[in-house]
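Reader: I should like to learn how the features of a model of this kind are to be read. Would you take me through them in order?

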Amino acid sequence: MGVYRLWRDGGFAVGALVAGAVADLFGLVAAIWVVAAITAVSGLVVAVRMYETHPRNGHTGATPPDGAASPDVPGPIRAG
């Protein structure tokens with residue numbers, strides 16, 4: 001999580017500087033297109049390089065506390 005936040009927060013700072021420089025040199029419309037292109041490229045990199053680590057069945061492998069139901073096993077029936 002820390003690595004993700006490092007890149008995200010660094011992107012805010014560097015992105016602002018890059019967008020400002022592009023806007024000064026080429027105009028606001030060009031800066032918006034550069035930001036859109038960088039965002040698209042980063043999304044493609046994430047789609048290709050990252051993988052899902054959360055199990056599809058919803059079970060995390062952790063043992064639930066006594067009396068609690070596991071996500072894939074029904075819990076005890078209690079009178080109301």
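**Reading the model**

Author: In this predicted model, buried residues make up 4% of the 80 residues in the protein. The accessible surface comes to about 7200 Å², and 69% of that area belongs to carbon and sulfur atoms.

Reader: How many helices and how many strands are there in the protein?

Author: The protein has 2 helices and 0 strands. Helix H1 covers 2–26 and helix H2 covers 28–49.

Reader: How should the reach of each helix be judged against what is expected at 1.5 Å a residue?

Author: One compares the distance from the first C-alpha to the last with the expected span. For H1, with 25 residues, that distance is 35 Å, close to the 36 Å expected. H2 has 22 residues and reaches 32 Å, close to the expected 32 Å.

Reader: What follows H1, and what is the sign of its phi?

Author: Gly27 follows H1, and its phi is positive, near 110°.

Reader: Does H2 lie largely in the open or largely buried, and why?

Author: The number of buried residues settles the matter. Of the 22 residues of H2, 1 is buried, so the helix lies largely in the open.

Reader: How does one read the direction in which helical residues point?

Author: The general idea rests on the helical repeat. An α-helix has 3.6 residues a turn, so residues three or four places apart point the same way. With that in mind, individual positions on H1 may be examined.

Reader: Is Val22 buried or exposed, and why?

Author: Val22, which is found in helix H1, is buried because its relative accessible area is 13%, and buried means under 20%.

Reader: Which residues is Val22 in contact with, leaving aside its neighbours within four places in sequence?

Author: Its contacts on that basis are Gly27, Ala30, Ala31 and Val34. Distance in sequence and distance in space may also be set side by side: Val22 and Val35 are 13 residues apart in sequence, and their C-alpha atoms are 9.6 Å apart.

Reader: How far apart in space are Ala19 and Ile32, C-alpha to C-alpha?

Author: Ala19, also a residue of helix H1, is 7.5 Å from Ile32, C-alpha to C-alpha, with their places 13 residues apart in sequence. Not counting residues up to four places away in sequence, Ala19 touches Ala31 and Val35.

Reader: What level of exposure do Ala21 and Gly10 have?

Author: Ala21 lies in helix H1 and counts as partly exposed because its relative accessibility is 37%. The C-alpha atoms of Ala21 and Ala31 are 8.2 Å apart, while the two residues are 10 apart in sequence. Gly10, likewise in H1, is partly exposed with a relative accessible area of 30%. Leaving out residues up to four places away in sequence, Gly10 touches Arg5 and Gly15.

Reader: How does one find a pocket, and how much space lies in the largest pocket here?

Author: Rolling a probe the size of a water molecule over the atoms shows where empty space is left. In this model, the largest pocket holds about 660 Å³ of space.

Reader: Which residues lie nearest the centre of the largest pocket, and which helix gives the largest share of its lining?

Author: The lining has 20 residues, and Trp7, Arg8, Gly11, Ile38 and Ser42 lie nearest the centre. H1 and H2 each supply at least two residues of the lining, and the largest share, 13 residues, comes from H1.

Reader: What classes of residue make up that lining?

Author: By class, the lining of the largest pocket comprises 14 nonpolar, 5 polar and 1 charged residues.

Methods: Residues are numbered from 1 along each chain as its sequence is written. This is a predicted model: local features need pLDDT of at least 70, side-chain atom pairs count only at pLDDT 80 or more; totals for chains, interfaces and linings use all residues. Side-chain values use heavy atoms; hydrogens and water are left out. On a 1 Å grid over the protein atoms alone, a cavity is a set of points where a 1.4 Å probe fits but cannot get out, and a pocket is an open set with protein on both sides within 12 Å along at least five of seven lines; lining residues have an atom within 4 Å of a point. Grid points are joined across faces, edges and corners, and a volume is the space filled by probe spheres set on the points. Helices (H or I, at least four residues) and strands (E, at least two) are DSSP runs, numbered from the N terminus. Ala, Val, Leu, Ile, Met, Phe, Trp, Tyr, Cys and Pro count as nonpolar, Asp, Glu, Lys and Arg as charged, and the others, Gly among them, as polar. Buried means under 20% relative accessible area, exposed over 50%, partly exposed in between (1.4 Å probe, protein chains only). Contact means heavy atoms within 4.5 Å. The expected span of a helix is 1.5 Å times one less than its number of residues. Accessible areas come from the Shrake-Rupley method with a 1.4 Å probe; for residues, only the protein chains shown count as cover.
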